[in-house]
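This briefing gathers what can be read from the atoms of one model, arranged by topic for use at the bench. Please look over the sequence and the fold before reading on.

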Amino acid sequence: MPDCVEAFTDGACKGNPGPGGWGVLLRWGEVEQELHGGERATTNNRMELMAVIAAFESLKQASRIRVTTDSQYVKRGVGEWMPRWKRNGWLTADRKPVKNRDLWERLDLALGQHEVSWRWVKGHAGHAENERADRLANQGVPSLGGR
């Protein structure tokens, strides 16, 4: 069995803000699990964050996990911005409150027990697993019945 979980994540929003959804494809060897959910009033960035949070929170034990996302916001947030935000009391370099702080803190907590690597892919460019995550995110959009 492989020793690494793969997570392919995506968020979607119909209007920004508006109803939104998140989707996750988890893969461990030949085993796959699909997750999705959504909110009636949200933003695309919140749904991108929720997809990654859902991936981590679905794991039952500390794991090696490779996250593939099409969100520069999430990838750069974790890799570049979050350490500085935490040092600055969750304030930006402009001394303004970090947007979506509740989700960034939740993600920070979820990251703690895992060994994580990040991979960015261009969205809507034919990456099969990213396209599946996008379909799951759209299924999670409330009041539109998915698509």
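Does W104 count as buried or exposed? In this predicted model, W104 counts as buried because its relative accessibility is 0%, which falls under the 20% cut-off for that class. The points below begin with the aromatic rings around this residue, and then turn to the core, the helices and the charged pairs.

**Aromatic rings**

- Six aromatic pairs are found when the whole structure is searched, and one of them joins W85 to W104, whose ring centres lie 5.2 Å apart with the planes at 70°, so that this pair is classed as edge-to-face.
- This pair links distant parts of the chain, since W85 belongs to helix α2 (residues 72-87) and W104 to helix α3 (residues 101-111), with their positions 19 residues apart in the numbering.
- W85, with a relative accessible area of 8%, is buried, and W104, at 0%, is buried as well.
- A single aromatic cluster is formed by Y73, W81, W85, W90 and W104.

**Nonpolar core**

- The largest nonpolar core contains 30 residues, and the members with the most contacts inside it are W22, V24, F56, W104 and L107.
- At least two residues of this core are supplied by each of β1 (4-13), β2 (18-28), α1, β4 (64-69), α2 and α3, and the largest share, nine residues, comes from α1.
- V24, when its neighbours within four places in sequence are left aside, is in contact with F8, T9, Q33, E34, L35, A51, A54, A55 and L136.

**Helices α1 and α4**

- Helix α1 (residues 44-58) has 15 residues and should span 21 Å at 1.5 Å a residue, a value that agrees with the 21 Å found between its end C-alpha atoms.
- Helix α1 is mostly covered, with twelve of its 15 residues buried; among them are the nonpolar residues M47, L49, M50, V52, I53 and F56, and also R46, E48 and S58.
- Helix α4 has 13 residues, for which the expected span is 18 Å, and its end C-alpha atoms are 19 Å apart, which agrees.
- The buried residues of α4 are E129, N130, A133, D134, L136, A137, N138 and G140, and what covers these buried residues includes β1, β2 and β3.

**Salt bridges**

- The count of salt bridges comes to twelve, and three of these pairs are described in the points that follow.
- D3 forms a salt bridge with R64, in which the closest N and O atoms are 2.9 Å apart, and this pair joins the segment before β1 to strand β4 across 61 residues of the chain.
- Of these two partners, D3 counts as exposed at 56% relative accessibility, whereas R64 is partly exposed, with a relative accessible area of 35%.
- The side chains of E34 and R132 meet in a salt bridge with an N to O distance of 2.8 Å, and this pair links strand β3 (residues 31-42) to helix α4 (residues 128-140), the two residues being 98 residues apart.
- Both partners are partly exposed, E34 at 44% relative accessibility and R132 with a relative accessible area of 22%.
- R27, E32, E34, E129 and R132 are linked in a network of salt bridges; within this group, E129 is also listed with the buried residues of α4.
- E80 and R76 meet through their side chains in a salt bridge of 3.0 Å, N to O, and because they are four residues apart in helix α2 they are separated by about one helical turn.
- The general background is that an α-helix has 3.6 residues a turn, so residues three or four places apart point the same way.
- E80, with a relative accessible area of 42%, is partly exposed, and R76, at 34%, is partly exposed too.

**Cysteines**

- How many disulfides does a search of the whole structure find? The search finds zero disulfides.
- C4 counts as buried at 17% relative accessibility, and C13 is buried with a relative accessible area of 18%, so each value lies under the 20% cut-off.

Key
Residues are numbered from 1 along each chain as its sequence is written. This is a predicted model: local features need pLDDT of at least 70, side-chain atom pairs count only at pLDDT 80 or more; totals for chains, interfaces and linings use all residues. Side-chain values use heavy atoms; hydrogens and water are left out. The expected span of a helix is 1.5 Å times one less than its number of residues. Buried means under 20% relative accessible area, exposed over 50%, partly exposed in between (1.4 Å probe, protein chains only). Rings of Phe, Tyr and Trp (its six-membered ring) pair if their centres lie within 6.5 Å; planes under 30 degrees apart count as stacked, over 60 as edge-to-face and the rest as tilted. A nonpolar core is a set of buried Ala, Val, Leu, Ile, Met, Phe, Trp, Tyr and Cys residues joined through side-chain atoms within 4.5 Å. Contact means heavy atoms within 4.5 Å. A disulfide is a pair of cysteine sulfur atoms within 2.5 Å. A salt bridge is a side-chain nitrogen of Lys or Arg within 4 Å of a carboxyl oxygen of Asp or Glu.
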